[in-house]
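Reader: Can you walk me through this one? I'm new to it.

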Amino acid sequence: MQHKRCVVTGANSGIGFETAKALAHKGAEVIMVCRSEDKGLAAQAKILENCPHDRVHLLIADMSSQQQIRELGSAIHDQYSEIDVLVNNAGTWISDLTYTEDGVETVLAVNHLAYFLLTHLLWPLLNTGEGGRIVNVASDSHKQVKQFNFADPYLTQSYHGLRSYAQSKLANVMFTYELDRRKPIDGVVTNAVQPGLVYTDIGLKRTTWLHAFAWKVRRSLWRGVTPAEGAATSIYLASQPEAAQKSGLYWDNCRPKPSSAYSYQEEDNARLWEWSLEKCGIEAYFAPGF
Ligand SMILES: NC(=O)c1ccc[n+]([C@@H]2O[C@H](COP(=O)([O-])OP(=O)(O)OC[C@H]3O[C@@H](n4cnc5c(N)ncnc54)[C@H](OP(=O)(O)O)[C@@H]3O)[C@@H](O)[C@H]2O)c1
């Protein structure tokens, strides 16, 4: 990975931190994207502790804000001529229905629309090298919802944090397949990842005490794997030579596996794509734009 440049979102904790650390320790230049400068600086310092080089950078963006994602894209374009890997990893689970400044339900905004918009913004940079790689961190929890709720995408009729989370992870898989179908060149590969049940704090940050308690019990009783183990498939897809030829697949334990039957429905995947274009105000997905 010595001449590779990787962008990892949500790189200050959990799976994203371990992904950024492993890629940096393999020799890659890493651009960490974090929401909090303090947490980002602490994580960057930790990664640099035993790193064979100092090309680990930090950019700050709240991925719930489309304005901040556009500023992030602009900063990456200003500072770098190309990138090899984009790991869309930042994710959240929120117990209560909340909206972003763009008027989008926050979990869907951070977990899906941020992946969709950042990929659009960085596409021109991914396309310039030998072939870029996009890794979308999804989850088997996408199987908990039967379909994407186009009639009420923010689930306002009966909001539940877990359902909203599961739907957003379904959107990750649908986006991956549709991106693979639509991409105008074969060089850039795109895949979705199921990291497993991972012992992180995702369920403790913006959840009610009951959900936080349930998450603590679940990750302990079901023996969640460590964040380093959870990051293994993201790292594999970002770095292994044999993975450079694989695209449009759903991965678990460094192997492709089937996602839910619904996630293969091309009509709804195309519909989600159109909905996402509209929500992000994108006219031509594969053309540069801020
Ligand atoms: N843990 C699991 O069992 C599991 C299973 C399947 C899939 N996943 C997926 O794995 C990914 C990483 O989750 P994790 O378990 O490692 O949890 P985590 O430790 O909480 O990491 C989530 C990362 O996303 C960042 N983030 C959240 N909201 C953000 C926002 N609005 N703007 C920018 N960054 C934001 C967090 O920043 P802060 O620290 O500032 O909040 C953190 O860096 C997520 O996509 C999650 O859905 C996790």
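Author: Helices here are DSSP runs (H or I, at least four residues), numbered from the N terminus. This is a predicted model: local features need pLDDT of at least 70, side-chain atom pairs need 80 or more, and totals for linings use all residues. Numbering starts from 1 along each chain, and side-chain values use heavy atoms, without hydrogens or water.

Reader: Which residues are closest to the ligand?

Author: Asn12, Arg35, Tyr165, Val198 and Thr200 are the closest, out of 29 that surround the ligand (a heavy atom within 4 Å).

Reader: And how far is arginine 35 from the ligand oxygen?

Author: A polar side-chain atom of arginine 35 is 2.5 Å from that oxygen atom. Backbone atoms come in too. Valine 198 places a backbone N or O atom 2.7 Å from a ligand oxygen. For methionine 63, a backbone N or O atom lies 2.7 Å from a ligand nitrogen.

Reader: How much of the ligand does the protein bury?

Author: 97% of the 880 Å² that the ligand exposes when taken alone (Shrake-Rupley, 1.4 Å probe).

Reader: Which helices give two or more residues to that shell?

Author: Helix 1 (14–25), helix 4 (106–126), helix 5 (161–182) and helix 6 (202–205).

Reader: New topic: cavities. What lines the largest one?

Author: Ten residues' worth of names, so here are some: Met63, Ser64, Thr100, Asp102 and Leu113 are among them. Helix 4 gives the largest share, 3 residues. Helix 3 (66–79) also gives two or more. A cavity is where a 1.4 Å probe fits on a 1 Å grid but cannot get out; lining residues have an atom within 4 Å of a point.

Reader: And the second largest? What lines that?

Author: Its lining includes Thr9, Met63, Asn88 and Tyr115. Helix 4 has the largest share there, with 4 residues.

Conventions
A polar contact is a pair of N or O atoms within 3.5 Å; within protein, one must be able to donate a hydrogen and the other to accept it, and residues adjacent in sequence count only if both atoms are side-chain atoms. On a 1 Å grid over the protein atoms alone, a cavity is a set of points where a 1.4 Å probe fits but cannot get out, and a pocket is an open set with protein on both sides within 12 Å along at least five of seven lines; lining residues have an atom within 4 Å of a point.
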